[in-house]
Structure formats: C-alpha cells, structure tokens
Amino acid sequence: MVTARAGADIPVAILVVEDRAEDRTALRAMLSSGDYELVEASSGPEALRKLLTCEFAVLLVDVMMPGMTGFELASIVRERERTASIPIIFMTGEGSDVELVYRGYRTGAVDYLIKPLVPEIVRAKVEVFVELCRHRRRTEQQAALLMQAERERNELRLVELRLASERHYRQLAEAVPDIIWTASADGQVDYLSQRWFQYTGLSLEQSASGWRAAMHPDDVPLVDRAWEESVRSGTSFQMEARLRASDGSYRWHLARAVIERDASAGVTSWLGTLTDIEDQKRIEGVLAEFKGTLDAVLDAVLIFHPHTLDMQYVNRGASLLTGRSQSELLALRPFELIVDFDEARLRELLAPLHAGSQGVVSTEMRWRRKDDRDIPVDASFQIVLIDGTRLVCIARDVTARKLAELERAQLYDEAVAAVRVRDEFLSVASHELRTPLTSLQLQLEILRRPRKPTQPPLSAEAVKAKVDAVSRQATRLSHLVNELLDVSRIDEGTLELEFARVDLARVARDVVGRLAGDAERVGSVVRLTVGESVVGRWDALRLEQVLSNLLSNALKFGAGKPVEVTVERKSALAVMTIRDQGIGIAPGDIERIFERFERAAPTRRYGGLGLGLYIVRQIVEAHGGQVRAESVPGLGSTFTVELPLGQPATQENACGLDAR
Ligand code: ADP
C-alpha cells in the first residue's frame with residue numbers, strides 16, 4: 001500500500017502467538033515484509049512477556065493452545081490498561097464451532113482467520129491494522145511536534161519578555177548617576193552599569209571579578225567578608241570602600257545591595273549600587289574636629305552641595321529636630337524636609353547667595369518631621385568654603401517661641417478686651433450712678449431751698465411726692481451698689497447662700513407686690529399665676545433677687561404691655577416663667593446677655609449695668625438649677641427659671657457661690 005510505504009519510517013511490530021512451529025513458519029513466510037517487524041511467541045505467557053517490552057500494531061492469536069488458551073490470553077490483554085486497545089485477530093481451525101467464534105468476539109477479537117491460512121487474506125488483514133497503527137502514531141507524533149513547537153514559541157516569547165524587561169532595567173540603571181550592579185544568587189557580579197566603566201576606565205574583561213576589580217586592596221578583605229556573609233544569610237549588604245578611578249585616584253563609595261526574591265521568596269539575584277561619598281567623607285573629615293561642637297549645638301546644621309543639593313553632612317541637632325537618623329537625612333535632599341518646598345523653590349530661595357547679592361538668606365519655614373509633625377523653624381542659608389564651595393543651613397526649632405508669641409497675642413487680645421469692657425463699664429456705671437444721684441440731689445435741693453415770700457409753702461402732698469421720689473432714687477442707687485457688690489462677691493467666691501424651707505409662690509407674690517409701683521409707672525399690668533405652694537430648700541432672699549431682676553427687666557423692656565409671671569411645679573422641678581410682650585432680644589444676643597456687663601438694648605434709652613442677668617444665672621446655678629431666655633424680637637421675651645425641689649446636688653458652684 002502506498003500510504004503504508006509512505007509511513008514506513010514509523011517502525012511497527014506485530015505479534016504472532018502460535019504454539020505450533022510449522023504454523024509459525026508458515027505465518028513468517030506470509031508476513032515477511034520490510035514494512036513491519038514480526039515477533040513470535042509460542043505460548044500465552046511468552047506473549048504476555050513480550051507485550052510488556054514492546055508495542056504491537058496487532059496480535060495474531062491461535063485460539064487453541066495448550067496451557068493458556070487464546071481466549072484467556074485475550075482477556076488478560078484486554079484487562080491491562082497498556083494493552084487494552086491492541087486489536088486481536090484469532091486464528092482457528094476450519095469448521096470451528098460458531099459458538100467459538102462468538103466467544104472470540106466477546107473476549108475482544110476484532111477479526112478471525114480460518115486455518116489453513118490464505119496468505120493474501122492474512123497479509124491484507126494484517127496490513128489494515130499495521131496501517132491503522134501507523135496512522136495513529138503519526139498523528140500522535142504530529143501532535144507532540146505541535147506541542148513542542150508551541151512550547152518553544154512560548155519559551156521564546158518569555159525570553160523576549162525577559163530581555164525586554166532587562167533592557168528596560170538596564171536603561172534605567174544607566175540613567176542614574178550611581179553605579180548600578182547586579183549579582184546572581186550566589187554573589188557573582190553579572191552586570192555593571194556604564195557608569196562603572198566610565199569611572200574606572202576598566203574593560204568588560206578587566207571587570208570580570210565585579211566591583212572588586214577596582215577596589216582598594218586594603219578594603220578588599222573586609223568587603224569580601226561582609227559580602228559573603230550577606231550572600232550566605234540573605235540579608236542586605238552595606239559597606240564603604242575606596243574605588244579606583246580611571247586616573248588612578250581613589251574615591252570613597254558606599255556599596256549597597258538588596259535581595260530580589262521570586263514568588264516563593266527564594267533569592268534570585270542581588271541589586272546593588274555604588275554611591276560616591278567622597279565629598280561627604282571629606283567634609284566629615286574636615287568637620288571631624290568640629291563634630292563635638294556641631295553635635296553639641298541643638299540647632300540643626302546641614303551641609304549640602306550648592307549645585308546638586310546632595311546632602312553631605314548633618315549634625316545630631318538635625319536628627320533631633322527632624323526625628324530622622326543621620327544616615328536617613330544624608331539620603332535626602334534639603335527641600336524634602338521643608339513643607340511646601342520643591343527643588344525649584346529652594347533653588348529660587350538660594351539664588352541670591354549664588355548671585356552674590358546676599359551673604360545670608362534667612363527665613364521662617366516649616367519642616368516636616370519623620371512622624372509627620374510640622375515644626376516652625378528659623379533657617380539661614382550661607383555659602384561657605386569647606387573643602388570646596390558648600391551650602392550650610394542652620395535651622396532652629398522655634399516652636400516654643402511661636403507658642404509664646406501666640407500666647408502673648410492671646411493675652412494681649414484678652415487684656416485689650418478686658419480694658420475695653422472695663423472702660424465701657426466705668427462710663428456706664430458712672431452714668432447709671434449719677435442719674436439717680438442727680439435726681440436725688442435735685443429733689444433734696446427743692447425741699448431744702450427757702451421759699452420766696454411770694455411763694456406759697458409746699459403742700460403736704462407735694463412734700464410727700466418729693467420724699468417718695470428721693471426714696472425711689474435712693475433705692476435705685478442702693479440696688480446698683482448692691483449689684484456691684486454681688487458681682488465682686490461672686491468674683492471673690494464669697495457670695496453665700498442660706499438654704500431654708502421656702503415657698504416659691506410666696507416669694508413671687510412678695511416680689512410682684514413690691515414692684516407694683518414700678519409696673520404702674522410704666523403702665524404695665526403684672527399677672528401672677530401660682531398654683532399650689534411650690535416648696536423647696538432654697539435661699540429665699542436670693543430667689544427674690546432673681547425674680548426681682550427678671551421682673552424689673554420685663555417691665556423695663558416690656559413696652560408697657562402686660563407681663564405674666566407663673567410659678568408651678570413640674571415633677572421634681574419648680575418652674576418660674578416671666579413673659580413680656582416688649583422689644584424682645586435678637587437671637588445672636590440671647591446667650592451673651594447672661595455674661596457680665598453685656599447689654600443688648602440701646603443704653604441711652606434703657607440704662608442698666610448689664611449685671612442683672614449675670615447675677616441671676618450665678619444664683620440659679622448655685623441652686624443647681626438653670627435659667628434660659630426665649631424671644632421673638634418685637635413680640636416679647638420669656639425667661640424660664642428651673643430649680644430642683646430638693647437640696648441642690650452641688651453645694652458649691654464653679655463661680656464660688658457658697659451654699660450653706
Ligand atoms: P441690665 O441691668 O443692663 O438690664 P441685665 O443683665 O439685666 O442688665 O440685662 C442685660 C441685657 O439683656 C439688657 O441690657 C437687655 O438688652 C436684655 N434684656 C434683659 N431682659 C430683657 C427683656 N425682658 N426683654 C428684652 N431684653 C432684655
């Protein structure tokens with residue numbers, strides 16, 4: 001068959017299992033072909049052994065064999081996974097029972113050959129299976145080849161990706177001013193950036209031993225030991241060493257390396273840098289003799305390169321001020337410490353130094369500490385000559401000064417406010433005190449003045465009216481003086497309360513009765529509503545003072561309209577309200593009017609020291625109660641006093657009222 005020949009390159013074997021030697025010879029003659037290998041077995045067990053070592057395209061099995069019959073062999077072949085799918089052709093004698101044939105099919109035969117065997121038929125049947133086997137193998141081979149090709153393509157893609165990322169990495173490495181190097185997991189340096197070759201002037205071959213190639217011989221043992229230790233323990237590496245430049249001079253470098261790990265945290269490689277720290281070292285050397293002094297000052301001292309702005313020296317004060325270690329600070333550039341500064345802004349600030357137009361630049365700024373706290377500092381920048389041109393920054397923490405300034409400003413504001421209040425009060429008080437005094441003097445003057453002979457003597461009513469007026473002004477004066485005395489007692493903490501059993505309804509009746517004359521004078525009607533007696537333990541005189549102040553205000557600001565006073569009991573509280581329909585109070589003033597000297601109505605028209613409500617609140621709170629005002633401007637105000645019926649919880653209040 002053409003196709004069979006075309007695929008003859010794929011070796012195929014067939015197994016003949018036949019106990020009779022002459023039949024085997026006959027079959028050998030029939031099936032001798034270069035296309036496949038013929039393997040013979042004379043018994044079932046031998047066939048099974050051969051099946052273990054070789055793969056067959058088809059089995060030709062004699063049914064009738066002594067020992068293991070062909071059927072028994074077939075069923076074992078079918079049971080084994082490796083051989084289960086090998087086609088089996090049974091060979092049987094002529095005139096065999098049909099039952100035998102069916103049994104053969106049941107045990108997995110695919111075909112039958114009847115003896116005596118006809119060579120063409122045997123060959124044709126065998127060829128079919130040989131070709132089938134070849135076809136299968138070819139397909140398998142192709143699939144394997146395809147898979148292999150796919151795998152190779154993937155690997156290629158991976159390599160490309162890796163190369164691209166490495167290229168990227170290298171480009172990055174070439175872009176930084178430091179020398180960048182990498183090493184394999186075992187510590188062998190396998191890459192050095194271009195900067196290395198520029199600096200050392202060494203070739204690639206000369207650099208075969210990595211950065212040791214240019215290291216000062218004295219430094220080699222120490223660095224080697226540290227590097228080996230890092231590689232062994234897998235910890236970061238940091239060492240200082242001198243590296244030879246192309247001109248033969250040595251410069252100090254800081255060698256650092258960190259580990260790169262794969263997903264399973266195994267070390268895959270090392271990434272390292274070599275940073276030139278020669279300038280820093282030199283400055284440190286130059287400053288060594290001043291180090292003690294510089295570290296003793298609490299100011300922060302930073303020395304940095306005037307052009308690159310690389311930090312070259314920092315003192316201990318800088319560490320204290322910024323909360324960063326000296327090595328952390330050396331890795332920063334000064335503007336990174338300053339709040340709201342970037343490189344451009346710092347360069348702009350320092351420009352006058354470079355231009356020579358200013359010898360020192362001093363400014364207030366804020367520095368950011370490591371703990372993210374901002375601190376105010378006074379910083380001055382200056383160019384100095386320390387082993388070349390350097391920029392020195394001296395910064396002082398001015399937090400304490402700022403706080404003191406703030407405090408001073410606050411104190412000043414408070415003092416100014418206090419002086420203003422006092423001045424206002426003095427002018428109000430003198431006016432308030434003079435008014436009744438003037439009126440009093442006037443009335444007395446009239447009474448005292450000798451009457452002209454032409455004038456009729458004063459009638460008894462007229463004298464009484466004058467004396468009443470004198471008495472009213474005297475009461476007014478004594479009220480004002482008492483208010484002042486009360487306030488000074490509150491301030492000194494010497495205003496005392498005397499607690500006794502008091503009926504608030506009775507207090508209200510007394511006060512309303514006492515102020516009836518005042519009410520009449522302003523044309524107001526005072527309506528008092530008291531239910532049952534409201535008894536508690538209070539200071540009766542002080543509560544009279546409370547109601548008297550509130551009712552006087554209601555009459556004063558009540559626009560001559562009715563005023564209602566109610567006293568009632570609400571669960572554990574005694575509640576007293578004084579409601580007027582007068583000018584009212586603007587919402588913004590409601591809280592303020594309870595403070596000392598605070599007034600909200602026009603002074604000229606209404607007068608008053610601005611102390612009444614302050615005293616009211618102090619007394620009420622000393623009783624463990626509270627007072628509040630509600631008002632609609634133009635429609636009137638309601639003042640509500642709430643007092644606990646029992647003894648007040650606090651015997652002494654914060655304002656120093658002594659409760660007894
Ligand atoms: P004064 O003795 O000056 O009246 P107060 O402390 O008793 O001082 O009152 C402070 C301010 O509160 C008053 O100047 C006034 O502006 C306002 N006020 C008090 N009571 C009333 C009220 N019933 N109606 C309107 N305004 C009031």
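**Exercise 1. In which strand is Ser184 found?**

Solution. Start with the ground rules. This is a predicted model, in which local features need pLDDT of at least 70, side-chain atom pairs count only at pLDDT 80 or more, and totals for chains, interfaces and linings use all residues. Residues are numbered from 1 along each chain as its sequence is written, and side-chain values use heavy atoms, with hydrogens and water left out.

Step 1. Ser184 belongs to strand 6, residues 179-184. Strands (E, at least two residues) and helices (H or I, at least four) are DSSP runs, numbered from the N terminus.

Step 2. Check the cover. Ser184 has a relative accessible area of 22%, so partly exposed is the right label. The cut-offs are under 20% for buried, over 50% for exposed, and partly exposed in between (1.4 Å probe, protein chains only).

Step 3. List the partners. Setting aside neighbours within four places in sequence, Ser184 is in contact with Asp190, Thr268, Ser269 and Trp270. Contact means heavy atoms within 4.5 Å.

Step 4. Look farther off. Thr603 is 419 residues from Ser184 along the chain, and their C-alpha atoms are separated by 91 Å.

**Exercise 2. Describe the protein chain as a whole.**

Solution. Step 1. Take the elements: 19 helices and 24 strands make up the count for the protein chain.

Step 2. Judge the spread. The radius of gyration is 57 Å, well over the 26 Å that the globule rule gives for 660 residues, so the protein chain is more spread out than a compact globule. That radius is taken over C-alpha atoms, and the rule is 2.2 Å times the number of residues to the power 0.38.

Step 3. Add the dimensions. The C-alpha trace spans about 190 × 90 × 45 Å along its principal axes.

Step 4. Turn to burial and contacts. Of the 660 residues, 40% count as buried. Among contacts with a separation of 6 or more, 58% come from residues 24 or more positions apart.

**Exercise 3. Follow helix 13 from its span to its packing.**

Solution. Step 1. Helix 13 runs over residues 399-448, which is 50 residues.

Step 2. Compare spans. From first C-alpha to last, helix 13 reaches 71 Å, close to the 74 Å expected at 1.5 Å a residue. The expected span is 1.5 Å times one less than the number of residues.

Step 3. Find the buried residues. They include Phe425, Val428, Glu432 and Leu440.

Step 4. Name what they pack against. The buried residues of helix 13 meet helix 14 (460-492) and helix 18 (603-606).

**Exercise 4. Is Leu309 buried or exposed, and what is its phi?**

Solution. Step 1. Place Leu309 in the loop between strand 11 (300-304) and strand 12 (311-314).

Step 2. Its relative accessible area is 1%, so Leu309 is buried.

Step 3. Phi of Leu309 is near 65 degrees, a positive value in a residue other than glycine.

Step 4. Now take Phe597, in the loop between strand 21 (573-579) and helix 18. Phi of Phe597 is also positive, near 65 degrees. Phe597 counts as partly exposed, at 22% relative accessibility.

**Exercise 5. Locate the cis peptide bond from Lys115 to Pro116.**

Solution. Step 1. Read omega: the bond from Lys115 to Pro116 has a value near -5 degrees.

Step 2. Place Pro116 in the loop between strand 5 (109-114) and helix 6 (119-175).
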